[in-house]
Amino acid sequence: MIRVAVCGINGRMGQAISHLIRQEPSRWELAGALDASNSSVNALPATCQALIDYSIPPATVDHLKAAVVRKLPMVVGTTGFSADQMLVIRDLSQHVPCVMSSNMSLGMNVMFTLAEQAAKTLRDYDVEIVEV
């Protein structure tokens, strides 16, 4: 069983992840939860084995710093980082296992794959993706 803490527990993704964790108690345990009012990784129990973060950029950077100190692997789904925050994240992620994605939804990952394939196939075309 893997004991994880969810950072951003009160958000949509935090709620969805905690729900999934509770559905498979033989594989996962919710070891802790952080939100805007309680965002210190240091407050998590020592039994916590990993962090899943869907909070806000400044909090995610702080959580990753604490993860490095505690040697906790981390999954980052937070978006909206500044260039400076991304540099800090790249540096910190050299010290602990860290998976980061701008969007972890199935639909968007299919779109990423399709866009990559279209770029390879339509080399001489001027392609633009517009979000509406």
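Let's start with how this chain folds back on itself: among contacts between residues at least 6 apart in sequence, 60% join residues at least 24 apart. Keep in mind as you look around that this is a predicted model.

Now step back and take in the whole protein chain. The chain has 132 residues, and buried residues make up 31% of them. Along its principal axes, the C-alpha trace spans about 55 × 35 × 25 Å. The accessible surface comes to about 8700 Å², and carbon and sulfur atoms account for 56% of that surface.

What secondary structure does the protein chain contain? There are four helices and five strands. If you trace these elements from the N terminus on, you will meet them in the order β-α-β-β-α-β-α-β-α.

Let's follow the beginning of that path. Strand β1 covers residues 2-7 and strand β2 covers residues 28-34; the two pair in the parallel sense, over six bridges. To get from β1 to β2, the chain passes through α1, and this β-α-β crossover is right-handed. For a landmark in the pairing, find V4, which stands opposite L30 in β2.

L30 also leads us to the helix of this crossover. Helix α1 is made of residues 12-23, and S18 is one of the residues in it. Is S18 buried or exposed? Its relative accessible area is 2%, and a residue counts as buried when that value is under 20%, so S18 is buried. Which residues does S18 contact, once its neighbours within four places in sequence are left aside? They are I9 and L30. That gives L30 two roles in our tour: L30 faces V4, and L30 is in contact with S18. The side chain of S18 has a polar partner too, with one of its polar atoms lying 3.0 Å from the backbone oxygen of Q15.

For a contrast, travel to the segment after α4, the helix of residues 106-121, where you will find I129. Why does I129 count as exposed? Its relative accessibility is 58%, and exposed means over 50%, so I129 falls in that class. I129 still has contacts of its own: not counting residues up to four places away in sequence, I129 touches M111 and A115. You can also compare I129 with M108: they are 21 residues apart in sequence, and their C-alpha atoms are 13 Å apart in space.

So the tour ends with two residues to compare on your screen: S18, buried at 2%, and I129, exposed at 58%.

Conventions. Residues are numbered from 1 along each chain as its sequence is written. This is a predicted model: local features need pLDDT of at least 70, side-chain atom pairs count only at pLDDT 80 or more; totals for chains, interfaces and linings use all residues. Side-chain values use heavy atoms; hydrogens and water are left out. Buried means under 20% relative accessible area, exposed over 50%, partly exposed in between (1.4 Å probe, protein chains only). A polar contact is a pair of N or O atoms within 3.5 Å; within protein, one must be able to donate a hydrogen and the other to accept it, and residues adjacent in sequence count only if both atoms are side-chain atoms. Contact means heavy atoms within 4.5 Å. Two strands pair if DSSP finds at least two bridges between them. A crossover is right-handed if, with the strands pointing away from the viewer, the path from the first strand over the helix to the second runs clockwise. Accessible areas come from the Shrake-Rupley method with a 1.4 Å probe; for residues, only the protein chains shown count as cover.
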